[in-house]
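Colleague: I'd like to go through this chain with you and ask how each label was earned. Could you put it on screen?

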Amino acid sequence: MKKWNKSRVYVIIDELADLMTTNKKLYLPKIQRIAQIGRAAGLHLICATQIPTAQILSTQLKVNFDNQIGLHTRTKQDSKNIIGFYGCEQLPKFGKCYVLNSNYNQPQIADINLIDESEINEIIQHWETWQKSTNYEPQKVKAYEIKPTETKESKIPLFRYLAVKEKYKNLWM
C-alpha cells in the first residue's frame, strides 16, 4: 500500500456572496483558478453562502466544483441554483442535505450531524495531546494574509477571522 505524500491545503470562503457583490470581475477568475488547479495539487476549496442566487453561483463557478452540497433552502430556485435540481426546499431544516457528486447524475440524500461547542473543544484537546505525545513538528508554511479592502460603494468586510485562531494558533503555525 502506497502512502499519500502530498500535503493537503483547505481554502474556506465563508460568505461567497460578499466577494461576488463587491468585485465579481476580480474574484471570480481567481476562485475558478484555485478550483481548477486544486484537484491536481491536493487543494480543497470550500465555499459557503446564504444567498444562492444565479449572480453569485454562476455556471462558470459551479463547473469547477466536483461536489456540491445543498442544505434546506427557501425556494425551489435557490435549490436549482445550488445543485441544479429542485428538492432542497423540501428538506428538514437540520439533519439532511443533498450531495451532488461528479460520479452521479442525480443528487443523493445524506445525513449531517450537528457538532456542538463541547465536542469541538474535545477534538482540539485531542489534537493538542496528540501533538505533544508524538513530538509532531508541523512544517512551517508561510501564510499569506489578504487584507480586506473597502470601496466607497461597499463597506462589507471581505474576510472574517475566527476568534479561535488566536487562542489555538500553535495548531496551524
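**Helix 1 and glutamate 89**

Modeller: The buried residues of helix 1 pack against strand 1 (9-14), strand 2 (43-48) and helix 2 (59-62). This is a predicted model: local features need pLDDT of at least 70 and side-chain atom pairs 80 or more, while totals for chains, interfaces and linings use all residues. Residues are numbered from 1 along each chain as its sequence is written, and side-chain values use heavy atoms, without hydrogens and water.

Colleague: What makes a residue of helix 1 "buried"?

Modeller: Buried means under 20% relative accessible area, with a 1.4 Å probe and protein chains only. Among those that qualify in helix 1 are Leu16, Tyr27, Ile31 and Gly38.

Colleague: How do you know that helix 1 is not straight?

Modeller: The expected span is 1.5 Å times one less than the number of residues. For the 26 residues of helix 1 a straight helix would reach 38 Å, but its end C-alpha atoms are only 22 Å apart. There is a bend of about 130° at asparagine 23, taken between axes fitted to the seven residues ending there and the seven starting there.

Colleague: Why is glutamate 89 said to have no salt bridge?

Modeller: A salt bridge needs a side-chain nitrogen of Lys or Arg within 4 Å of a carboxyl oxygen of Asp or Glu. The nearest side chain of opposite charge to the buried glutamate 89, lysine 76, is 5.3 Å away, so the label does not apply.

Colleague: What does the side chain of glutamate 89 reach, then?

Modeller: The backbone nitrogen of glycine 87, at 3.1 Å.

Definitions and conventions:
Buried means under 20% relative accessible area, exposed over 50%, partly exposed in between (1.4 Å probe, protein chains only). Lys and Arg count as positive and Asp and Glu as negative; His and the chain ends are not counted. A polar contact is a pair of N or O atoms within 3.5 Å; within protein, one must be able to donate a hydrogen and the other to accept it, and residues adjacent in sequence count only if both atoms are side-chain atoms. Helices (H or I, at least four residues) and strands (E, at least two) are DSSP runs, numbered from the N terminus. Contact means heavy atoms within 4.5 Å.
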